[in-house]
Amino acid sequence: MSEQSLPSAPTTTTTTPAAVLWDLDGTLVNTEPYWMTAETELVAEHGLTWTYQDGLTLVGRPLLEAAGMIAAHGVPLAPEQIVERLVGRMVEHLHDAVPWQPGARELLAAVREAGIPCALVTMSYRVLAEAVVEASPAGTFQVVVCGDEVTHGKPHPEPYLRAAEQLGVDPAACVAVEDSRPGIASALASGARTVGVQVVVPVEPAPGLTRVASLEQLDVPTVRRIASGETLDLLDGAAG
């Protein structure tokens, strides 16, 4: 990570987070193109058009909610059937290869080596999350919270609150890493110190939100600064 990309380090003592809570799609793995391809293929089967902008409206949403929006677009299938089709296509993609985001594996390894517990907090279903967990070094994630196992998906805080509860930590003592508007809203509402990674959709400024352009801009010392209450804006290399 470039020294010039970070504001000057503070003189105060930093705090190690109780845990780092990671979103999956878009944040750790570049699956959004896979999702959009699967959506486009499914919609095209029914003689309809699905644009890139249509795909952007689904980023970060619970799968059944996203499927309902595809059904409303004119696809004559129940949302549950749409989810089944999309998930099946995604499993095929992930079994071929897990498309890690730049810096993801290195950052996960550094956090693991620092002894900081990690949770995967995703709106994807467990079958997809497990494909990524299996592709990760053993012990990377202590907890996995999935979209088919929560009552309220993102932007509700339940997924992050559940992850913190399962880890036995205070969510306010955690750092959450997200890329979508619903995910960022969920993480902030849980009380976690939140990092927004700008990948597919813009990450707008918000109180208490650290913004980065890539996971390559994060390392363990920076995560500790965020856990200590600093808000950084690394999209433009300026302090927040």
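## Leu 63 and its surroundings

Outside its neighbours within four places in sequence, Leu 63 contacts Trp 35, Val 83, Val 87, Met 123, Ser 124 and Tyr 125. The model in which these contacts appear is predicted. Leu 63 belongs to helix H3. Is Leu 63 buried or exposed? Its relative accessible area is 9%, and residues under 20% count as buried, so Leu 63 is buried.

Leu 63 can also be placed relative to a residue far along the chain. Between Leu 63 and Gly 147 the separation is 84 residues in sequence, while their C-alpha atoms are 7.3 Å apart in space.

## Ser 124, a contact of Leu 63

Ser 124, one of the residues that Leu 63 touches, sits in the loop that runs between strand S2 and helix H6 (126–134). Its relative accessibility is 2%, so Ser 124 counts as buried. Setting aside neighbours within four places in sequence, the contacts of Ser 124 are Leu 24, Asp 25, Trp 35, Leu 63, Cys 146, Gly 147 and Asp 148. Trp 35 is thus listed for Ser 124 and also for Leu 63.

A further distance helps to place this loop residue. Ser 124 and Pro 79 are 45 residues apart along the chain, and 15 Å separates their C-alpha atoms.

## Helix H4 and its two partners

Helix H3 (residues 63–72) packs against helix H4 (residues 79–96), with axes that come within 8 Å and cross at roughly 110°. An angle of 65 to 115 degrees counts as roughly perpendicular, and H3 and H4 are therefore roughly perpendicular to each other. On the H3 side, the contact is made by Leu 63, Leu 64, Ala 67, Gly 68, Ile 70 and Ala 71. On the H4 side, Pro 79, Glu 80, Ile 82, Val 83, Leu 86 and Val 87 take part. Sorted by class, these residues are 10 nonpolar, one polar and one charged.

How do H4 and H6 lie, and at what angle do they pack? Their axes are 10 Å apart and the angle is about 10°. Angles under 35 degrees count as roughly parallel, which makes H4 roughly parallel to H6. H4 contributes Val 87, Met 90, Val 91 and Leu 94 to this contact, and H6 contributes Val 127, Leu 128 and Ala 131. By class, the contact has seven nonpolar residues, with no polar and no charged ones. Val 87 of H4 appears in the contact with H6 and in the contact with H3.

## Two domains

The domain assignment divides the chain into domain 1 (19–30 + 100–228) and domain 2 (32–96). Their C-alpha centres lie 23 Å apart. In the contact between the domains, 16 residues of domain 1 meet 17 residues of domain 2.

Together the two domains bury about 1400 Å² between them, and 72% of this is on carbon and sulfur atoms. Which residues of domain 1 lose the most area to domain 2? They are Tyr 125, Leu 128 and Val 200, which together account for 37% of what that side buries. Tyr 125 is also a contact of Leu 63, and Leu 128 is part of the H4–H6 contact.

## Two loop residues, one buried and one exposed

Thr 31 lies in the loop between strand S1 and helix H1 (32–45). With a relative accessibility of 1%, Thr 31 counts as buried. Not counting residues up to four places away in sequence, Thr 31 touches Asp 25, Gly 26, Met 90, Leu 94 and Pro 99. Among them, Met 90 and Leu 94 also take part in the contact of H4 with H6.

Gly 47 is found in the loop between H1 and helix H2 (52–56). At 66% relative accessibility, Gly 47 counts as exposed. From Gly 47 to Phe 141, 94 residues apart along the chain, the C-alpha separation is 41 Å.

## Helix H5 and local backbone features

Within helix H5 (residues 104–113), the buried residues are Ala 104, Leu 107, Leu 108, Ala 109 and Val 111. Their cover includes strand S1 (19–22), strand S2 (118–121) and helix H9 (220–227). After H5 comes Gly 115, which has a positive phi, near 80°.

Most residues other than glycine have a negative phi, and most peptide bonds are trans. The bond from Lys 154 to Pro 155 is cis, with omega near 20°. Pro 155 is located in the loop between strand S3 (143–145) and helix H7 (158–167).

Technical notes
Residues are numbered from 1 along each chain as its sequence is written. This is a predicted model: local features need pLDDT of at least 70, side-chain atom pairs count only at pLDDT 80 or more; totals for chains, interfaces and linings use all residues. Side-chain values use heavy atoms; hydrogens and water are left out. Buried means under 20% relative accessible area, exposed over 50%, partly exposed in between (1.4 Å probe, protein chains only). Helices (H or I, at least four residues) and strands (E, at least two) are DSSP runs, numbered from the N terminus. Contact means heavy atoms within 4.5 Å. Axes are lines fitted to C-alpha atoms, for helices over the stretch in contact, and angles run from 0 to 180 degrees between N-to-C directions. Angles under 35 degrees count as roughly parallel, over 145 as roughly antiparallel, 65 to 115 as roughly perpendicular and the rest as oblique. Ala, Val, Leu, Ile, Met, Phe, Trp, Tyr, Cys and Pro count as nonpolar, Asp, Glu, Lys and Arg as charged, and the others, Gly among them, as polar. Domain bounds come from an automatic or database domain assignment. Buried area is the accessible area (1.4 Å probe) that two parts lose on being put together, summed over both.
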